[in-house]
Amino acid sequence: TAVGAGCSHTVLLDSCGFVWTFGRNIEGQLGHRYINNLNEPKKINGLPTIIAIAAGNSHTMLLDEKGHVWTFGKGWDGQLGHGDANDLKVPKRINGLPRIITITAGGEHSLLLDENGFVWTFGQNNYGQLGHDNENGLHIPKKIENLALISAIAAGDYNSIFVDESGFIYSSGDRPDFCAPKKIANICQAKLITAKGSCNIV
C-alpha cells in the first residue's frame, strides 16, 4: 500500500501492515540485523502493524498503528532520533513522543507530525532544514515553536515544507536565511505537497 525510496534502498508496505526492504544495506537501513545488500524484498520480522513508511538517503522510518515511530539505518547526523549518532541494523522505537500521524524523511533529517498539528524534527541541520531558527543538528526530536497548526509535511534533501490547516505553505532550509519556517507568498489552500532533492511540488 506504500513505497519508500532512499538513495540506494527501497521500502515496501503491504496491505497487511508488513514491511519489506531491499537494496543497499551498508548502514543497516534494511532492518535485518546484518549489513548484506539484498536484491529481492525481504520482510522485517518482529514489528507491530505498520501504517506508514519513509526512506531517507540511508535511513528508514516506520509508523505503527498506535502512533509510535521506529527508525533504523544511518544515524551519523542524529536522523534516527535516539539521542546518539549510532547506526542501527534493526528497528528501534523513539520514546517520549506524542501520538504521531505522519512521518517523512529528508536526505539526512526526519520530520514527524503529531495528532495535535505540531511538527517535530531531528537530524542534519546544515541548511536550517529542521526549522528551529539555527543550524544546529539534533539527535532527538524537537517540536518547532511558533508555527501554525500543520496538516501536511514533506522533506527534501536539505529543506522541509509544511502546510497549515488553512492551506498556507511554509518552508525552511536550503539557505541560511530560511532556518525558521517562512510562509510562501501567493500560494494558499494547498492540500498535498512533496519534496525531493531540491525540488518542491504543490
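## Salt bridge

In this predicted model, the structure holds one salt bridge. Its partners are K74 and E108, whose side chains meet at 3.7 Å, taken from N to O. The contact links distant parts of the chain, 34 residues apart. K74 belongs to the loop between β7 (69–73) and β8 (88–93), whereas E108 belongs to the loop between β9 and β10. Both K74 and E108 are buried.

## The four-stranded sheet

Strands β9, β10, β11 and β12 form an open sheet in the order β9-β10-β11-β12, and the pairing is antiparallel. The edges are taken by β9 (100–105) and β12; each has a single partner strand, so one side of each is left without a neighbour in the sheet. From one strand to the next, the twist averages 15°.

Strand β10 (residues 109–114) is joined to β11 by five bridges, and the two run antiparallel. Within this pairing, L111 has T121 as its bridge partner, and L112 has W120. The two strands form a hairpin with four residues between them. In the turn, G117 has a positive phi of about 90°. On the other side of the pairing scheme, β11 and β12 are connected by three bridges and also run antiparallel; here G123 stands opposite L138 of β12.

## Burial of strand β11

How many of the five residues of β11 are buried? Five of the five are, so the strand is largely enclosed by the rest of the structure. In a regular strand, side chains alternate between the two faces of the sheet. For β11, V119, T121 and G123 point one way, while W120 and F122 point the other way. The residues of both groups are buried. Two of these buried residues, W120 and T121, also serve as bridge partners: W120 for L112 and T121 for L111.

## Aromatic pair

The count of aromatic pairs comes to one. It is formed by Y127 and Y158, whose ring centres lie 4.7 Å apart. Why is the pair classed as tilted? The ring planes stand at 50°, and an angle that is neither under 30 degrees, which would count as stacked, nor over 60, which would count as edge-to-face, is classed as tilted.

Y127 lies in the loop between β11 (119–123) and β12 (138–143), and Y158 in the loop between β13 (150–155) and β14 (159–164), so the pair ties together parts that are 31 residues apart in sequence. Y127 is partly exposed, with a relative accessible area of 35%. Y158 is likewise partly exposed, at 32%.

## Charges over rings

Two lysines are placed over phenylalanine rings. The charged end of K43 sits over the ring of F18, at 4.3 Å from its centre. K182 lies over the face of F178, and the distance to the ring centre is 4.9 Å.

## Cysteines

A disulfide is a covalent bond between the sulfur atoms of two cysteines. A search of the whole structure finds zero disulfides. Is C7 buried or exposed? C7 is exposed, with a relative accessible area of 57%, whereas C179 is buried, with a relative accessible area of 7%.

Notes. Residues are numbered from 1 along each chain as its sequence is written. This is a predicted model: local features need pLDDT of at least 70, side-chain atom pairs count only at pLDDT 80 or more; totals for chains, interfaces and linings use all residues. Side-chain values use heavy atoms; hydrogens and water are left out. Rings of Phe, Tyr and Trp (its six-membered ring) pair if their centres lie within 6.5 Å; planes under 30 degrees apart count as stacked, over 60 as edge-to-face and the rest as tilted. Buried means under 20% relative accessible area, exposed over 50%, partly exposed in between (1.4 Å probe, protein chains only). A charge sits over a ring if NZ of Lys or CZ of Arg is within 6 Å of the ring centre and within 35 degrees of the ring normal. Two strands pair if DSSP finds at least two bridges between them. Axes are lines fitted to C-alpha atoms, for helices over the stretch in contact, and angles run from 0 to 180 degrees between N-to-C directions. A disulfide is a pair of cysteine sulfur atoms within 2.5 Å. A salt bridge is a side-chain nitrogen of Lys or Arg within 4 Å of a carboxyl oxygen of Asp or Glu.
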